[in-house]
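Good morning, and thank you for making the time. I would like to take you through the side-chain contacts of one structure, and I ask you to keep the display in view as I speak.

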Amino acid sequence: GGEGTVTSTVKTVGIVGARGHTGAELVRLVAAHPGLALAFVSSRELDGEPVSAHVEGFAGELRYGNFDPAAVARSGADAVVLALPNDKGGPFVAAIEAQVSGTLIVDLSADHRFDPQWAYGLPERGRDAIRGARRIANPGCYATAMQLAIAPLLDQLAGPPQCFGVSGYSGAGTTPSDRNNPELLRDNLMPYALANHIHEREVTAHLGVPVEFMPHVAPHFRGITMTVNLWLREPMERDAIERLYRRRYAGEPLVEVVEEAPWVSRIAGRHGVQIGGFTVAPGGRRVVVVATLDNLLKGAATQAMQNLNLALGFDEFTSIPAQGRLARH
C-alpha cells in the first residue's frame, strides 16, 4: 500500500566537510527529517569511522567516507551540502556541474554569497528566490544576525549601521588557531578583522547600504551577540520601533522579538534568533538593537535545513525541532 509512495519521495543528501561543528549539527537535522536520508558524510580526517561515535544522538551504521569531487558527483545525491572552509568547494561544484544531474548544492562557505547565479539563502528576507533553486549560498552567521537586526529599519537609516559582534569560539572552526584556543580566550575578548571582514561586505551587498562591523571572539563555545547602533533620518519612539520589528517578524517561527536585550547563554542550542533591547537615545534618532543567535544553528546548519526544505519542496521547518524554535509572544 502506502509504503512505496512514502519512500519514493525520500530525497538523499550528502555532506562534504562533515567533521566540523556545523557538519555534525547538520547530520543530526538531516537524520531527524522524515523526507531526507543521508547519502554520504565525507571527512578526510574521520574516514572509515562510525558517524555515531562523533555525533551525539545519531543512530545508525553510517560511516564517514573520504569523497573526492568525482565521487561526490557520482553519488547521485539529490542534494549536496558543502560544509568546507572558504575557497575549498570549487572542485566539488565543478564536478557536480559536469554531471548535469540537477543536484541541489547548498554552500555554507562564503564562495558564492556574492554570485548572482546563486540564490542567497536567508529565508526571512527572500524565500521566493530559494524555492526550487539548485544553487544556494548559505549566509554567514554574523551576517544573518546583522541583516535580521537591521532589516526592519532599512528604509529609515541616515547612515551606515555600526555592528559590534561577539561570537563563541566554535565560529572559528575546528582548525587550531588563537581564535579557538580556550587557553588564550580564558578571561579574554579577542577583537579581529575590525574593518572589511567578509561578513561586512556580505551585509553591505545584500542590504544595499554600507555596514560597519567589528567582530570579536569570546571564551564561550557557541552563540553570537550582535549589538547594532542605527542612526535614523527622522526621530522615532521606542514603542514604534518595537512594533515595526514585531510586525516584520510576526509570521516567522525562528525570529522572536523580546523586550530586554537578549542573552547569548539563552540562545545556545536553539534554532532561532532573538532580537530586542530596543533603546532610543535622547533626540529619538539613535537606536540600539541587540540580536542573538547560535552560530552553528540559525547561523549555519538550521538555516541550511530551511534552504534544503524550500529548495526540495518540503515544509520549510521540517526537522527543525518545534521545542527548539523560539516561543511566539
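Let me begin with a definition: a residue counts as buried under 20% relative accessible area, as exposed over 50%, and as partly exposed in between. By that scale Arg 246, at 28% relative accessibility, is partly exposed. Please bear in mind that what you see is a predicted model.

I shall stay with Arg 246 for a moment. Its side chain meets that of Glu 259 in a salt bridge, at 3.6 Å from N to O. Where do the two partners of this pair sit in the chain? Arg 246 belongs to helix α9, whereas Glu 259 is in the loop between β12 and α10, which spans 264-267; the two are 13 residues apart, and the pair links distant parts of the chain. Glu 259 has a relative accessible area of 44%, so this residue too is partly exposed. The pair does not stand alone: through shared partners, salt bridges join Arg 238, Asp 239, Glu 242, Arg 246 and Glu 259 into one network.

How many salt bridges does a search of the whole structure find? The search returns 17. Two further examples may be of use. In one of them, Asp 128 pairs with Arg 131, and the closest N and O atoms are 3.0 Å apart. Asp 128 is exposed because its relative accessibility is 64%, while Arg 131, at 47%, counts as partly exposed. In the other, Glu 183 and Arg 186 bring their closest N and O atoms to 2.9 Å. Here Glu 183 is exposed at 54% relative accessibility, and Arg 186 is partly exposed at 49%.

I turn now to the interior. The largest nonpolar core holds 44 residues, and those that touch the most other members are Met 146, Ile 150, Met 226, Tyr 245 and Ile 275. Among the elements that give two or more residues to this core are the helices α6 (141-150), α8 (198-207) and α9 (238-248), together with the strands β10 (212-217), β11 (224-231), β13 (273-280) and β14 (286-293). Which element provides the largest share? That is α6, with eight residues.

For a view from inside this core, consider Ile 275. Leaving aside residues up to four places away in sequence, Ile 275 touches, among others, Leu 148, Ala 149, Tyr 245, Tyr 249, Val 255, Val 257, Val 289 and Val 290. There is also a second, separate core of 36 residues, including Ala 24, Val 30, Ala 79 and Phe 317.

Next, the aromatic side chains. The whole structure contains four aromatic pairs, and I shall describe two. The ring centres of Phe 40 and Phe 67 are 4.4 Å apart and their planes meet at 15°, so this pair is stacked. Phe 40 lies in strand β2 (residues 36-42), and Phe 67 in the loop between β3 (64-65) and α3 (69-74); the pair therefore ties together parts that are 27 residues apart in sequence. Is each of these rings buried or partly exposed? Phe 40 is buried, at 3% relative accessibility, whereas Phe 67 is partly exposed, at 24%.

The second pair is edge-to-face: Tyr 142 and Phe 213, at 4.7 Å centre to centre with 65° between the planes. Because Tyr 142 is in helix α6 and Phe 213 in strand β10, this contact ties together parts that are 71 residues apart in sequence. Both Tyr 142 and Phe 213 are buried.

Charged groups also meet rings here. Arg 179 lies over the face of Tyr 192, at 3.9 Å from the ring centre. Likewise, Arg 266 is placed over the face of Trp 263, at 3.9 Å from the ring centre.

Finally, the cysteines. How many disulfides does the structure hold? It holds zero. Why is Cys 163 not bonded to Cys 141? The sulfur of Cys 163 is 13 Å from that of Cys 141, its closest cysteine sulfur, and this is too far for a bond; the cut-off for a disulfide is 2.5 Å. Cys 141 is buried at 15% relative accessibility, and Cys 163 is buried at 0%.

That concludes the presentation; I would welcome your questions.

Conventions:
Residues are numbered from 1 along each chain as its sequence is written. This is a predicted model: local features need pLDDT of at least 70, side-chain atom pairs count only at pLDDT 80 or more; totals for chains, interfaces and linings use all residues. Side-chain values use heavy atoms; hydrogens and water are left out. A nonpolar core is a set of buried Ala, Val, Leu, Ile, Met, Phe, Trp, Tyr and Cys residues joined through side-chain atoms within 4.5 Å. Buried means under 20% relative accessible area, exposed over 50%, partly exposed in between (1.4 Å probe, protein chains only). Helices (H or I, at least four residues) and strands (E, at least two) are DSSP runs, numbered from the N terminus. Contact means heavy atoms within 4.5 Å. Rings of Phe, Tyr and Trp (its six-membered ring) pair if their centres lie within 6.5 Å; planes under 30 degrees apart count as stacked, over 60 as edge-to-face and the rest as tilted. A charge sits over a ring if NZ of Lys or CZ of Arg is within 6 Å of the ring centre and within 35 degrees of the ring normal. A salt bridge is a side-chain nitrogen of Lys or Arg within 4 Å of a carboxyl oxygen of Asp or Glu.
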